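Me: I have a model open beside its sequence, and I would like to know what stands behind the labels people put on it. Could we go through a few of them together?

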Amino acid sequence: MLLGIDIGGTFTDAVLIDSGHIVATSKCRTTHDNIMQGLLSALDTVLKDIRAVDIDRITLSTTVITNTVIQKQEEPVDLYIIAGPGMNVSDTLPTKPILVSGYTNHRGIVVEPHGLVVSAASHRVAAVSGKFSVRNPSEEKALASEMMHNYKYISEGSKLSGTLNFPRRTVSAYFNSAVYVTFKNFKETVIQALRKRGLLAPVYILKADGGSLPIDTMIERPVETVFTGPAASILGLMALDNMGTKMTVALDIGGTTTDISLWREGRPLMRKHGVTIREYPSAVRGFSVQSVGIGGESAVSIHDGKVRVGPFRQGPSVALGGTIPTLGDALIVLGKANYGDEKAARAAIETLGHQLGFDEQTMAEKIVTKAVTVIENAIHSVVEEENKRPIYVVSDIVNPDRFIPEQLTVVGGTAQSLGRFISESMKLPLHIPPSAAVANAVGAAVSRSFVELTVHLDTKKKTLVVPELGIVENNVTMNTNDEVIKRAFFYLQQEAERLQLDENSPGEIVSVEDFPIIDDWHSMNRLITVKVQLQSGVCMHV
């Protein structure tokens, strides 16, 4: 039996799934000052008639790390970079870096060993990132080792991404250390809550790319848990609904935000180079999801004679005991939602309407219209951005594959009450799958275990590097793509076994790059880079 838990900004949801069937669900308010309280409430509901020993796996998604970086509450970090010659990237990073002398070139050759670090540690955590460290992580690894006694934790950029993009990899390393303490505290709180209820099953946590890994493993790479909420939503859609082949706009309308994703041929679009954390592009793999500050508990106010909905939440709806009118209160007035104290909701919307000379019905309609307009404008912006993506081949010019929305699929706690208004405004057919209100928890429960590795071979140097694992092999005699692919799958299987992941999860090739090395006008050697991964997606449909 699978237990999925989604600790969101407004609600903590839990679901139990047995053989592809949802057997219990729970939706409790997230208690931000004491996460354990809300988590225990959700657990007590779904475990009411279930024995703890019958739970085989527990998987979580959470907004804790997302909120930490959005609200700029992360730990300060000493960021060390071994940049070598070239463009100064300091202005593109979240903090002023400490420059360390040394240089590894694009072939992974250490041209100049890293210098000594003379400055004392300023903070509890640090990050180290070297240009071309994915081709040879030795200098990055050595520098981190030399400074380990000065810090509680140090991140290494090459272990977080095997991709060539020094600034993105550096941003990932910075935020990985910045959220380390927050994630560690969150992990300990969750484990304590689960143990209080006698739950001893393996605990996993969802990553931004939709895969899950053991929570103990993720203590080394917590930055990858940023944006797990949108990832859980994507997986929930996969598990609950056949997305079909039409170009689909999918919305997850929660209590605080609406997450927008685009789907082609039944698959969600991914961020090609990595997600953006705050305003900084990172190397963290993730789905192409855009959030807008509209949810069921978005505060409603009047500014300069105009209705404003969101982007912030200032407590629960008036119908649930809050003091600020919300979008949810307006939906109650229109008869589209049915919860809490209807009279309180009507009184709040009526009082707000008096400021503009409207009765409660008209005021509620204007609030909903405003919310729909904000969401619809955000959808158009996301679609426009997708259609502006770079074109690399002539066939894309001859036969442009523009994204033209053909249907709307909506999940989340506010899906039933607001989805119809959005579909009517956009003139798109609407589908709301069963159990839409707890889609994120469903997505977490059925997520596949997922890990990706990069293997780089330089046939002239006879070196093979697996940066994410810190592996460097010398005197390697391989020289073909097939040999590198075989070695990549070997390391992938080893890593899956080390992490105790699902041994039945198949591996797949992500990409193969093969570049010739030209010497004296002859191509005698090659640079081969292979990316492989365990198959992503969901392990079952519900």
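**Reasons behind the labels**

Reply: Happy to! Let us start with G266, which lies in the loop between β14 (258–264) and β15 (267–268). Keep in mind that this is a predicted model.

Me: What makes G266 count as partly exposed?

Reply: Its relative accessibility is 22%. Buried would need a value under 20% and exposed one over 50%, so G266 with its 22% counts as partly exposed.

Me: Which residues does G266 touch, leaving out those up to four places away in sequence?

Reply: They are M243, G244 and T245. For T245, 21 residues apart from G266 along the chain, the C-alpha atoms of the two are separated by 5.3 Å.

Me: How do you know that the span of helix α7 agrees with its number of residues?

Reply: Helix α7 covers residues 228–240, and at 1.5 Å a residue its 13 residues should span 18 Å. The end C-alpha atoms are 18 Å apart, so the two agree. The helix is also mostly covered, with 13 of its 13 residues buried.

Me: How many aromatic pairs are there?

Reply: The count comes to six aromatic pairs. One of them is F183 with F186, whose ring centres are 6.4 Å apart.

Me: Why is the pair F183 and F186 called tilted?

Reply: The limit for a pair is 6.5 Å between centres, and stacked planes are under 30 degrees apart while edge-to-face planes are over 60. The planes of F183 and F186 are at 50°, so the pair falls in between and is tilted. Both residues are buried. They sit three residues apart in helix α6 (residues 180–196), so about one helical turn separates them.

Me: And why is the pair F490 and Y491 edge-to-face?

Reply: The ring centres are 5.4 Å apart and the planes stand at 65°, so this pair is edge-to-face. F490 is partly exposed, with a relative accessible area of 39%, whereas Y491 counts as buried because its relative accessibility is 9%.

Me: Where does R57 lie with respect to Y204?

Reply: R57 lies over the face of Y204, at 5.4 Å from the ring centre.

Me: What shows that domain 1 and domain 3 meet?

Reply: In the domain assignment, domain 1 is 2–71 + 181–233 and domain 3 is 245–435. Contact involves 18 residues of domain 1 and 21 residues of domain 3. Between them they bury about 1,400 Å², 62% of it on carbon and sulfur atoms. Their C-alpha centres lie 25 Å apart.

Note on methods: Residues numbered from 1 in each chain as written. Predicted model: local features only at pLDDT ≥ 70, side-chain atom pairs only at ≥ 80, totals over all residues. Heavy atoms only, no water. Helix = DSSP H or I, 4+ residues; strand = E, 2+ residues; numbered from the N terminus. Expected span 1.5 Å × (residues − 1). Buried < 20%, exposed > 50% of the residue type's maximum accessible area, 1.4 Å probe, protein only. Lys NZ or Arg CZ within 6 Å of the ring centre and 35° of its normal. Domains from an automatic or database assignment. Contact = heavy atoms within 4.5 Å. Buried area = accessible area lost by both parts, 1.4 Å probe.
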